[in-house]
Amino acid sequence: MADGVELPVRSDHEWVADFSQEIAQLGVEAFASGIGSIELTSFEVWGHMGVFPMTPDPAAVNAGAPKWQTFPTADRPDVAMATLSPPSVFDAVRARREAPVVIINHPRGGANYFDYVGFDPATGLANTAAAWDTKFTLVEVFNNSGWQDNRARNVNDWMGLLRAGRKIFAVGSSDSHGIAGSPVGYPRTCLTLGTDDPRQVTGNLMRDQLAAGHAAVSGGIYVSAQLGQTVPGDTTTGAGSPQMVDVTVQAATWVDVTALEVVVDGETTDVIPITAADTDKTNPVIRWRGQVPVQTRATGGFVVIAAYGDQPLEPVHPGKIPFGVTEPIFVVP
């Protein structure tokens, strides 16, 4: 809460839990709301997945953790030990009473999902079709890291999925395992919820807005964009024609902001320097405001706007470079 994280999503490995009890004990319900979740790990077979929202069930094994294996039990000793395929596990997760979404967490490196299935961003397809889920809509593009760190890898994967016609939205999380090495809140996913009161927020509202792409990822910089009346996550017309996107970049005055990057159909079309002269003199947290020209391919495309700095977020997040990025705005003919 001291870091301004108002909706802390607890994501223990293989254990469903939330922070509601801790928040109540502190008497700070006006400042934070705890939402249940789990990080499904598959024991490093095919990756880690965020499952959200989840309601803990104290009577169930691991408080109701989804099963990704079959195994013998006292009642069914004849059941074989087998690891289930990702699509079958994801479908079972989505069929739960909470109707949770699946987030592909840190998709690259080691035994993680995109490497496991052989995902190719050039085609938007996976080499192992039987293990490839065609229904997920959320990817943890930013895990304790920023825009430039991920530009050639996770961001490239995200762009590949979007180019292939998948409506995929990015999330950012600190994945904090220790306060010194990975402080909470860099980066964070900022949701459009219609309220700034955590007491009015439910897991279902968060799930639905996240799944609709009504969010932005912030690592110290907040970027908002609008194409006409259309906001990120939504779709407008005019593909193939020149259009103007209204952009606002905000950051605390001590945060370094040096550039605005315009991405159209997965390719950078412009990098605009941001200097002290661009700061709004009446509101210094507005570091840049203006319009940028875009033109998607005639068959339909998307626009993503990012901003970043060069100097780390000392002393709040040592070594971490500030950034912010919108979800895609989709443009059709």
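Two strands count as paired when DSSP finds at least two bridges between them. In this predicted model, strand 14 (residues 243-251) clears that bar with eight bridges to strand 17, and the two run antiparallel. Within this pairing, Val247 sits opposite Gly290 of strand 17. The two strands belong to an open sheet of three, ordered 12-14-17, with antiparallel pairing. Strand 12 (221-227) and strand 17 (286-294) take the edges; each has a single partner strand, so one side of each has no neighbour in the sheet. Neighbouring strands here are turned against each other by 20° on average, direction ignored. As for what holds such an arrangement together, strands of a sheet pair through backbone hydrogen bonds, either parallel or antiparallel.

Parallel pairing turns up around strand 8. This strand (residues 138-143) is mostly covered, with six of its six residues buried. Strand 8 is joined to strand 5 by two bridges, and the pair runs parallel. One contact point to look for is Ile103, whose bridge partner in strand 8 is Leu138. Strand 8 is also joined to strand 9 (residues 169-173), this time by five bridges and again in parallel. There, Val139 stands opposite Ala170 of strand 9. Just ahead of strand 8, in the loop that connects it to strand 7 (125-126), lies Thr134. With a relative accessibility of 57%, Thr134 counts as exposed. Thr134 and Ala59 are 75 residues apart along the chain, and their C-alpha atoms are 33 Å apart.

Helix 2 (residues 86-94) has its buried residues at Pro86, Pro87, Val89, Phe90 and Val93. These cover an arc of only 160° around the axis, and therefore lie on the same side of helix 2. The buried residues pack against strand 1 (38-40), strand 2 (49-52), strand 5 (101-104) and helix 3 (113-117). Strand 5 thus appears twice in this account, as a packing partner of helix 2 and as a parallel partner of strand 8.

Helix 2 also carries charged residues. The side chains of Arg94 and Asp91 meet in a salt bridge, with 3.2 Å from N to O. The two are three residues apart in helix 2, which means about one helical turn separates them. The geometry behind this is simple: an α-helix has 3.6 residues a turn, so residues three or four places apart point the same way. Both partners are partly exposed, Arg94 at 22% relative accessible area and Asp91 at 32%. The pair is part of something wider, since Asp91, Arg94, Asp133 and Lys135 are linked in a network of salt bridges.

Across the whole structure, the search gives 13 salt bridges. In general terms, side chains of opposite charge can pair when their charged atoms come close. One that spans a long stretch of sequence is the salt bridge between the side chains of Arg151 and Glu261, at 3.1 Å from N to O. Arg151 is in the loop between helix 4 (147-150) and helix 5 (154-163), while Glu261 is in strand 15 (residues 259-264), so this pair ties together parts that are 110 residues apart in sequence. The two ends have their own surroundings: Arg151 is partly exposed at 21% relative accessible area, whereas Glu261 is buried at 6%. Another salt bridge links Arg199 to Asp197, with the closest N and O atoms 3.0 Å apart. Arg199 is exposed, at 54% relative accessible area.

Arg108 rounds off the set of arginines described here. The residue is found in the loop between strand 5 and helix 3. Arg108 is buried, with a relative accessible area of 17%; the cut-off for that label is under 20%. Its side chain makes a polar contact with the side chain of Asp157 at 2.8 Å. A polar atom of the Arg108 side chain also lies 3.0 Å from the backbone oxygen of Phe119. Setting aside neighbours within four places in sequence, Arg108 is in contact with Phe114, Asp115, Phe119, Pro121, Arg153, Asn154 and Asp157. Both polar partners, Asp157 and Phe119, thus appear among these contacts.

Note on methods: Residues are numbered from 1 along each chain as its sequence is written. This is a predicted model: local features need pLDDT of at least 70, side-chain atom pairs count only at pLDDT 80 or more; totals for chains, interfaces and linings use all residues. Side-chain values use heavy atoms; hydrogens and water are left out. Buried means under 20% relative accessible area, exposed over 50%, partly exposed in between (1.4 Å probe, protein chains only). Helices (H or I, at least four residues) and strands (E, at least two) are DSSP runs, numbered from the N terminus. The arc is that of the directions from the helix axis to the C-beta atoms. Contact means heavy atoms within 4.5 Å. A salt bridge is a side-chain nitrogen of Lys or Arg within 4 Å of a carboxyl oxygen of Asp or Glu. A polar contact is a pair of N or O atoms within 3.5 Å; within protein, one must be able to donate a hydrogen and the other to accept it, and residues adjacent in sequence count only if both atoms are side-chain atoms. Axes are lines fitted to C-alpha atoms, for helices over the stretch in contact, and angles run from 0 to 180 degrees between N-to-C directions.
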